[in-house]
Amino acid sequence: MSKKKVFKRVGIALAILLFLLITAISIAIWFVFTPERLTPFVRKQAAKYITCKSEIGEVELTFFSTFPRFGLKVTDFTLINPIAGAQSDTLVNTQNLIGIVDVGAWWKRDELVITNLQLSNGVINAFVDSLGNTNFNITPPDTIPVQPDTTQSEMPFRFIDIKNVELNNISLSYIDNTQKMLADIKDLAVKFNGKLVSDTLNMHLNVNDCVMSFSYNGEAYLKNTSIKLNSQAKVIISKMFVEFGESEASINDISLAFRGTVENDAVNNRINTNITYKSNTFPIPSALALIPPSFQSYIEGVDLKGIASSDGRVSGFYSDSVMPLMDLHIIMNEGELKYAGFPLPLSNMKGDFVFYSDLTHDDITYFRINQFSANTPQSSFGTSGIVNHLFSDIYCDLTSNANLKLSEFAPMIPSDLKMKVNGNVKGQVRTAFFMSQMEKMLLDKMRFSGSVTLSNFDVIYDSIYMKTDYSTVDFSMPNANTSNKISRFLSSKINSKTLEAGTINGYRAFLKNALVNLETSNVMDTTKLPDVTCSFSLDSLAASMDTMKVDLFKPSGNLTMYSLKGSNKQDRILLNYSNDKMEASMGSNMLVKMNKAKLNADVTNFMASPNIKIDYAGSNLAMQMDTNIIKMDEGRVSADVVDYDTKPKIKFAYAGSNLDMQIGQSNSVKVSKIKMNSDIANDPTQKDIFLQWMVKGFLDMENGVISSSMLNESIEIPSVKMDFDPQVFNIKESKLKIDKSDFSLAGTLSNIQSFIKKDSLLRGNFSFISNQTDVLKLMNLTSGLGGEPSDSISQTASDTTLSSAYMVPKGIDFILHTSVKKVLFGNEIAKDITGDVRVKDGILVLDDLLFTTPASKMQLTLMYKTPRKNHIYAGFDYHMFDIEIDKLIKMMPIIDSIMPMLKSFKGTAEFHIAAETYLDSMYNPKKSTIRGASSIKGHNLVVMDGQTFSEIAKTMKFTKKAENKVDSISAEFTVFKNEIDIYPFMVVLDKYKVVIAGRHNMDMSFDYNISLLESPIPFRICVEAKGTMDNLKIRPIKCKYRDLNRPSSRMVLQNKQLELRKLIRESLLKNVKK
Amino acid sequence: MKRIIICLFACLSIALIFNSCSKDEESFDESLLVGRWQSGTLYEKYFENHTGATWDTSDDVTEAEAQEFTWTLDKSDLTQIHIIEIGGNVPKYYTVTALTSTTLKYKDDFGVSHTFTKIGK
C-alpha cells in the first residue's frame, strides 16, 4: 500500500473521529448538560458556598464560544446582600458571566485553571460600614477546627492560572466608611491574566478604560476621571507585595509609564514603595483639574495653560507618619499664565523642575528649578536654582535674569506710592536667603549678587527723580572681595554713562561716565555706622540747588570709613579726592574755580571726639564774591584737628603762590609766596571768641603788593616773617615799600591774651628802620584809618579829610623805635631821624624824634590824645638847631605872621617851640585851649632890605644900607588863646640897639613897641606899630624898654619880662636832648 | 643966656613932667582869689597851693578837662604860668584892678581886661 493511501486512510479516520467528537459534544451540550439541568445544579452548589441571596438566571455549558475548552455561561447573575447604609442591596449583578475552569487540572492536580472569564454589563457594589461589616463577606464560616498553621500560606489550590479574564462595561462602587473612602468606577473594561503559584501572582492587567471617581475622607480626589492602566505585575499575596513591570497608565489625557514595587508592610503598618515613572506630555490644565477641591483655592484665579511632562521615582515607606521619597522631575513648555493678582499675562513659559522630598524630612527636601523662563508682552525673565528646607525655614538659592520694560509694571506700583518708572532693566541676579532672614531683613545673612543694566531708565518717586541713559550696576552681598576685611556686607560697582538725580524744582545732580565702587559693612546694623570703602571716578559732575551750582571735571577719589577698628580701636574716615577742574557758583555774585585739586582727609574717632587731618593742594584756585576775587596758584593747606568735641586743637598750615585778592573795584592784595603754620587750641570755658581760640605759629610772606582806593599808593611787602602765639606776635622781619618809602618793621606785640581779657594793655615794641620815608605819603596813607568817610565827594576832594576824628586806640601801648635815613616831608628832606613813636591808651606820642633837614638839625616831640571825640589834644615840642631863618619861615609861615621882622634877617638861628591845643571832632582848634611858647636865638645875622624895616629905619633915621650885620637876636613869644605875645628882645645892629615887644592877635592885628636904645643920635626914639598890615599906624611913644640892657636901671616890668622870657626858654630847653 | 636957661628949664620941666612919680601900687589879698570864677563861658579856678585851671564851655570844655596853670599874686601883679603838657610854659602877666569876695578884675599890658564873678570854692 502506498504511502498516499495510508495518509488518505488516516485522514478519513481522523475526520470520523472529529465528527464523532463534535457529535458527542453537541449531544452533551444540547442534550445532556442542558441549561435546565445545569442551572438548578449550579444554584444548589452556589447556595452551599454563598451565604447571601443569589440569583442565577441560566447556566449553560459552552464549547464553541469558549473553544477549544468547555465553559460555563451564566446569565443574569445577581448577589443580593443587603446591609444598612450600603449603596445598594445588590452586591453583584451581571448579565453575562462566562468562565472556563479546567476541571481536569482541578481534579487531577488540584490546580485552579480559569480561562476566558468574562464579566459583562454588570454592577458591583462593595460596602464596608463604619463597624467594618462588609456586604461582600458572603462565604460561610469554616466550622472545621483549625489545625495549627504549619505553613505560612496554605491555599486550597496549589496552582491558579487565570487567563483572559475580561470585564466589560462593569460599574464598580466601593464605599468604606471605616476609611471614609468612596470609589466609583464606571464603564470598566479590564483584561486580566495571571498565574498564582503558591502565594505569588504574576499578572497582566489591562484596564482599557473606565471612568473613576474617588474620594477619601470627604475629599474628592478623582471625579469622573478617565483611567487607563496596562500593567505587568508580580504580586506576592502573603507579603502584599506588588512588583510592577513596565506599566502604563493614564489619567484623563495624562499618560505615564511606570514600574516598581509596592508592598504593604503589615508588620510595620506601612506601605513600601519603589516606583519609577515617566509621563508623556500632557496639558497642564488636565493636571490642574486633578487638584482636589480643598486645594483648588491655591490656584484660584490662575489660568495656566501649556504642556508638561514628568518623570521620577517614588520610593520608601508610606504610613500615617511617613511618606515615601519622591523624586519628581517636571518639564513645562508653551506655558501661558493669567492671574488676577498679576496684571501681566505670562507667555512662552518654560520650566524644568525637580521636586525631591519625602514630605517629612526637611533636610533632604528640595525644589530645584533647573530652568524657568517666561515672557510678558514686552519683557522676559527667567530663573534657576534651588529651594529647600520647604517644611521649616525655606531657603532659596536662585539665579534670575530679566529683561524688563518697566513701564509694563507700572500697574503693579501702588497708586499711593506716587512712583513712576520707565526704561529697561536687564541683568542677572543671584539670591540666596532663608525666608526668616528675608522676613527679619537680615541682609548680612543673605546673599545677593548680580549685574543689572539700566537703559533709558527714569524713575520718579514723589518729588525725587533719577534717570540714566545707560548704567550698569554690579553688586555682591556679601562682598565678593574677600580681601576687604572691613566691609564684607556689600560690594557694588556702578558704571553710568549719564546719570541724573534730584528733586523736582529742587536740587539736581548730573554725572557723566561715572564709575563708583562701593563696599560696605552691614547697613542694617543700627548700633553703629557702617564701614564703607568707596572709590569713584567721573568724567564730570554737575549739581545745582536754587542758585547754587557745582561743576566738577574728572573728579575721582577714595573714601574709607570704618568704626572701632584699627590699632587704636577708633573709628576712622579716610578720603583721597582729586579733580581736574571745579567750578562752583551761587547766584551771579559768587564763583569758585579750582584746577588740579587734591584733598586728603583722615578723620579718626569721629563718633566720639574727632581727630581730623586734612591736606589740600591745588594748582589754581579762584574765588569771586561780588567784586571780591581771590586767586591762588599752587595752594596747599593742611589742617590737623584733635579733641574736636572737648578742647579742639588745630594744626593749620597754608602755603601758596601768586595769591591775588581783589577786594572791590580798586583794592587788591597780591603775594607771590605765602606760608603759614599755626597751632590753634580751643578753650571752651572762655566767652570771648578770641580767647576761645588760641593761635600760635608763624607767617612767611614774600613779594606782596597791597593796593587800595583808600591808599594813594600801593604798598609793596617784599617780605614778612612772623612768629605768633596767643600772647606774643614776634615780627622777625617785615619789609614794606610805599611809593618812595621803604621800611622794615620788627619787634613784638605782647600781652595779646591779657589785652583781650582786659587785664592789661596790648603792648607793642617795634623797630622801624627805613632808608627813605615820605611822611606826607604815609600821612595820606593812614589818614582816616579808623574813621568813616563822610561821602565820596569829600574823599575824592582830599585824601586826608576825615568826617570824624581819628581816635587813638585805648588799651594799647605801642612803641616804634624809628631810624630813618632820609625823610621826605613835602619838598623838605630830613636825614638820620631817630626816635620813638608811642601809642599808649588813647595817647599817640612821637617822642624826641631827632632828624636832620637841609635847613637844620631838628628834634620833634608830638602828642595826640583823644579823650573824647569832640575833645582831641594835639601838642608838639619842636627844636631846630642852626636853622636858616628864611627856611624856618618857609617851613613855618605862621612865624612870619608873629614876627614879621624875622624875615628881615638872614643867617642861622636856633628855634624852639612848644604848643598845644584841643580840637573838635572836625579838627578845628578850640581857641580857648591854644597854648604855645617859642624861643629863637640867632647870631651873626644880617639884616635884609624889607618894606617894614625901611619904614622903621626911616622913622628912626637909620641909614639905609643893603645889608647890615647884627650880632645876635634872642626872642621869646607865647601863644595864649588868640594872643601871641612877643616878649621884649633886643636887636643889636652895629651901633644901634633896638628892643621890640608887643602882641600879635590871631586876627592878624598887632601892637608892637619898638625902642631904639642906642644910636648915633643923642636921644632915644620909641615908636608904636599898631593896627594891621593894611592899616599900620606908627607913632612915637614913650620908651618902654629903655633900660632893658642896663640891669641896674631896669624897671620892675622889664625885670618881670626878662624873668618870664627866661622861664619860657628854660622850659623849652628842658626838652632838648643833649 | 636967658634963652638957654629958659630952654634948659623947659627941658627939665618936660623931663620932670615925663618922669613924674608913679602911682603907688595897690595890694590885694590873694586869699580872696582862691575859688572858682566865671566870666561868661570862661571859667578860672584858683587853689591855695597856687595852682589853678581854666576852661571855656563855649569850646565844649568841661571843668574836668580844664588846662592847668600856676599863679602868683604879688600886690596887684597876677602872674599865671600856663603849663604846656608836652613841655614848656606860657606865662601871662596881669594887673589886678579889683579883687573882692565876689569880683575879680584884671587887665594885661595891652589893655585887655577880664571881669570874673566868683561862683564857689
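Visitor: When are two residues in contact here?
Guide: Picture the C-beta atom of each residue, placed from the backbone. The pair is in contact if those two atoms lie within 7 Å.

Visitor: What share of the contacts in chain B with a separation of 6 or more comes from residues 24 or more positions apart?
Guide: Keep in mind that this is a predicted model. Take the contacts in chain B with a separation of 6 or more, then pick out the ones between residues at least 24 positions apart. Their share is 29%.

Visitor: In what order do the elements of chain B run?
Guide: Chain B comes to 1 helix and 8 strands. Starting at the N terminus, the order is α-β-β-β-β-β-β-β-β.

Visitor: How much of chain B is buried?
Guide: Chain B has 121 residues. A residue is called buried if 20 or more other C-beta atoms lie within 10 Å of its own. By that cut-off, the buried part of chain B is 29%.

Visitor: Which element of chain B gives the most to the side that touches chain A?
Guide: Across the two chains, 18 residues of chain B are in contact with 31 of chain A. By class, chain B's side has 7 nonpolar, 5 polar and 6 charged residues. The element giving the most, with 5 residues, spans 89-99: strand 6.

Visitor: Which residues have the most contacts inside the largest nonpolar core?
Guide: That core has 54 residues, and its largest share, 6 residues, comes from strand 49 (residues 979-989) of chain A. Another core, of 21 residues, lies apart from it and includes A:Ile872 and B:Leu33. Inside the largest core, the residues with the most contacts are A:Val994 and A:Ile996.

Terms used:
Residues numbered from 1 in each chain as written. Chains lettered and ligands numbered in written order. Predicted model: local features only at pLDDT ≥ 70, side-chain atom pairs only at ≥ 80, totals over all residues. Helix = DSSP H or I, 4+ residues; strand = E, 2+ residues; numbered from the N terminus. Nonpolar A, V, L, I, M, F, W, Y, C, P; charged D, E, K, R; others polar. Buried ≥ 20, exposed ≤ 12 C-beta atoms within 10 Å, placed from the backbone. Core = buried A, V, L, I, M, F, W, Y, C linked by C-beta atoms within 7 Å.
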